[in-house]
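Visitor: Could you take me through this structure slowly, giving the general idea behind each feature before the case itself?
Guide: Gladly; please look at the sequence and the structure first.

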Amino acid sequence: MNPEIIEQAREKNPLIHHIMNQVVKNFVANGVLAFGASPIMASEKEEAEEMAQASDCVLLNIGTLTKDEIEAMIIAGKTANKHHIPLVIDPVGVAATPFRSKTIKYVLEQVQPTVIKGNAGEIAHLVDVPWKVKGVDSIGSGNVEEIAAKAAKKYNTSIVITGKTDIICTGNRVIQNTTGHPFLTQVTGGGCLLGSIVGACLTTDNPIEEQLVTAVTFYGLAAEHAASQRDVKGPGTFLSHFVDALSYPFVTLKG
Amino acid sequence: MNPEIIEQAREKNPLIHHIMNQVVKNFVANGVLAFGASPIMASEKEEAEEMAQASDCVLLNIGTLTKDEIEAMIIAGKTANKHHIPLVIDPVGVAATPFRSKTIKYVLEQVQPTVIKGNAGEIAHLVDVPWKVKGVDSIGSGNVEEIAAKAAKKYNTSIVITGKTDIICTGNRVIQNTTGHPFLTQVTGGGCLLGSIVGACLTTDNPIEEQLVTAVTFYGLAAEHAASQRDVKGPGTFLSHFVDALSYPFVTLKG
Amino acid sequence: MNPEIIEQAREKNPLIHHIMNQVVKNFVANGVLAFGASPIMASEKEEAEEMAQASDCVLLNIGTLTKDEIEAMIIAGKTANKHHIPLVIDPVGVAATPFRSKTIKYVLEQVQPTVIKGNAGEIAHLVDVPWKVKGVDSIGSGNVEEIAAKAAKKYNTSIVITGKTDIICTGNRVIQNTTGHPFLTQVTGGGCLLGSIVGACLTTDNPIEEQLVTAVTFYGLAAEHAASQRDVKGPGTFLSHFVDALSYPFVTLKG
């Protein structure tokens, strides 16, 4: 990883426009602010183009997708593509219902993501590999690297698969990351917020492989740092300290 | 109460589908995760049937009801009934406006709840007993046990009425619970999240009376435990510690 | 400032109806409860009139405005006006898109706010003064007092402009406040929640100038107090302690 990417992202203080899962809007906005970027969240299609155009990165998350949001997602995504703004797509729970599955297919036909980030069950679904899921959680097992490579090829994009070991695939290479902490799975939005941190790093001027590895490594280190605090005694106290840790310099987390 | 119900619920890690109040989605999802169940929240009617059918419990909460959500609630509720999935209804602020009152009446005509959980003002409204309310809060007084028994009979369901003393009525019997802490009334969603914990306990294989008493007692003990922590100095720090406490074994809370 | 206003507001425990930004509903509701007022949040137009009429104050915040909410805002605002209920308007990100700008213009043509609260960029936009903004943040500079006075005159209302130095303008006079802490800008909703605390103070029986100065001063002192706690090591831990501090007596914060 390249710690300078974190510093560069913070210096830029990028505006990240989210069409985001209702459950986690507050947590994600706080995490983005703590990290040193600026969140905006709006899902009204009437302003989707202006919001996307004014942003340094656009993130589309279907965690609580409604029919009304689909058009806003298409507009925001197309605007990002048109203006060469990085676009992150998070297909939350895509395997859970035909509605989500069809919507993601429809969105991916019309916009070109820079990165698709999801858990193994979500990315497997995108490449028609059978995988066990439970609601929005992935509980199956299989060859995750292969799935990442398949998805990267099929969608001509980079892939981040979160899990105990995270997989980053930029098409050329598959890289593993093992930073992180189980508490991240006990806090709602633990995966969603990573999409925003990835998005912030995409706004710097570096190779995408380095950007993704840096974002994912940093995020996991922040979780490890928070979990190691004496005051942390469960997922509730972890959450506060994790948001704190996202604001720290890399060297503090590295310890 | 029966502490084994808590362990059984955690072992099952039930998927609880929520059509939930926007104000508290984040807090409730975190509380459900901490407890050891899996939350899903989605209010789009297009996927209401699949989401409900895939779940171990369905919870309908009208705290920020919109017209669009009503049909999704009916579909999710009917699906739960059809597949014998426990259904919890939380009539938040039902007495506050005719819109809420009519909607709940309409919902209860079409779906059969396993449990209705609310404060005294809400349950009183469901059985046409005058009761003083303020917004979504109950500030009246009266015979709460009688109201619970009336509602249980009228709707052929079990009733949980939250308050300084909680009332549990399964039709056959009325039981009181006195665990809890005033901080729960200073945290938004303090009542809503109990609905989810009740729902998690309903997915075990035990008599409903034991399930309800266990859920309500455990929830109150978690609040007491959190409030007693040295670091807790108000409702903000309470919240983090309460989420922590929901993840603890019963014996830790009983302490 | 007049600390008795805080006590009077708490004694009244005013019901504050919010049509509120989705990102911050949970945080704002918790802050309002901690302070000692009662939040209600509902954006369905079917119940907008009853909700507003039952309330002691109405607050309209366009942070995540959707077309569906506009009519509810108009109804709630007109109801507040008709019944002489204080009305606070928070034009979040009004300069970011034509959709927001047109909506606020439309709302302000039909309802009369008691107070408009915003950052400098937002209030500057309302009086057609050029100002640099970034998403929903104000990053420009200029004569903020002049802007406040212009806006107070144009809309025949009181103005609160938040910033490193807050500006309060009641039409007759412009007052500065310097309490506060930078952490407030790193927590999403740090500005939004102030609108609710202002609203709570507006429900007491005091000159509006005193109400506004008291609300803004108290809010900043609560932030300073929280930031000074030994356990606070970043914006995440600050948040919990800030909510705690909002529940404290004035003398504790003044310390």
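The dialogue below takes up the relation of the chains, one interface, some annotated positions and two backbone angles.

Visitor: What should I know before I begin reading?
Guide: This is a predicted model, in which local features need pLDDT of at least 70 and side-chain atom pairs count only at pLDDT 80 or more, while totals for chains, interfaces and linings use all residues. Residues are numbered from 1 along each chain as its sequence is written, chains are lettered from A and ligands numbered from 1 in the order in which they are written, and side-chain values use heavy atoms, with hydrogens and water left out.

Visitor: Which rotation superposes chain C on chain A?
Guide: Two copies of a chain are related by a rotation about an axis and a shift along it. Here a rotation of 120 degrees, with 0.0 Å of shift along its axis, superposes chain C on chain A with an RMSD of 0.0 Å, where copies are superposed by least squares on the C-alpha atoms of residues with pLDDT of at least 70 in both. That is the relation of a three-fold axis. The copies use different surfaces, since 10% of the contact residues of chain C recur in chain A, contact meaning heavy atoms within 4.5 Å.

Visitor: How many residues does the contact take from chain C and from chain B, and what area is buried between them?
Guide: The size of an interface is often given as the accessible area lost when the parts come together. Between chain C and chain B the buried area is about 2,300 Å², with carbon and sulfur atoms giving 52% of it; this is the accessible area (1.4 Å probe) that two parts lose on being put together, summed over both. The contact takes 28 residues from chain C and 30 residues from chain B.

Visitor: How many salt bridges and polar contacts are found across that interface?
Guide: A salt bridge is a side-chain nitrogen of Lys or Arg within 4 Å of a carboxyl oxygen of Asp or Glu, and by that rule there are 2 salt bridges across the interface of chain C and chain B. In one such salt bridge Glu46(C) pairs with Lys67(B), the closest N and O atoms being 3.0 Å apart. A polar contact is a pair of N or O atoms within 3.5 Å; within protein, one must be able to donate a hydrogen and the other to accept it, and residues adjacent in sequence count only if both atoms are side-chain atoms. Between chain C and chain B the count is 12 residue pairs in polar contact, both at pLDDT 80 or more. On the side of chain C that touches chain B, the elements giving two or more residues are α2 (25–35), β2 (38–41), α3 (48–53) and α10 (235–246) of chain C, and the largest share, 6 residues, comes from α2(C). Helices (H or I, at least four residues) and strands (E, at least two) are DSSP runs, numbered from the N terminus.

Visitor: Where does UniProt place the feature "binding site" in chain A?
Guide: UniProt positions are given in the numbering used here, feature names are shortened, and annotations may be inferred rather than shown by experiment. An unreviewed UniProt entry places a "binding site" at Lys117(A) and Thr162(A). These two span 46 residues in sequence, yet no two of their C-alpha atoms are more than 7.5 Å apart, so they gather at one spot. The feature is also placed by UniProt (unreviewed entry) at Met41(A) and Gly189(A).

Visitor: Is Lys117(A) buried or exposed, and what surrounds the annotated residues?
Guide: Buried means under 20% relative accessible area, exposed over 50%, and partly exposed in between (1.4 Å probe, protein chains only). Lys117(A), in strand β5 (residues 115–119) of chain A, counts as buried at 3% relative accessibility, and its side chain makes a polar contact of 3.2 Å with the side chain of Asp90(A). Thr162(A) lies in strand β8 (residues 158–162) of chain A; leaving aside neighbours within four places in sequence, Thr162(A) is in contact with Gly118(A), Asn119(A), Ala120(A) and Leu194(A). Met41(A), in strand β2 (residues 38–41) of chain A, is buried at 5% relative accessibility, and among the residues it touches are His17(A), Val23(C) and Arg100(C). Gly189(A) is in the loop between β10 (174–177) and α8 (192–202) of chain A and is buried at 8% relative accessibility.

Visitor: What is the phi of Asn13(B) and of Asp128(B)?
Guide: Phi of Asn13(B) is near 45 degrees, a positive value in a residue other than glycine, and Asn13(B) counts as partly exposed at 25% relative accessibility. For Asp128(B) phi is near 60 degrees, again positive in a residue other than glycine, and Asp128(B) counts as exposed at 63% relative accessibility.
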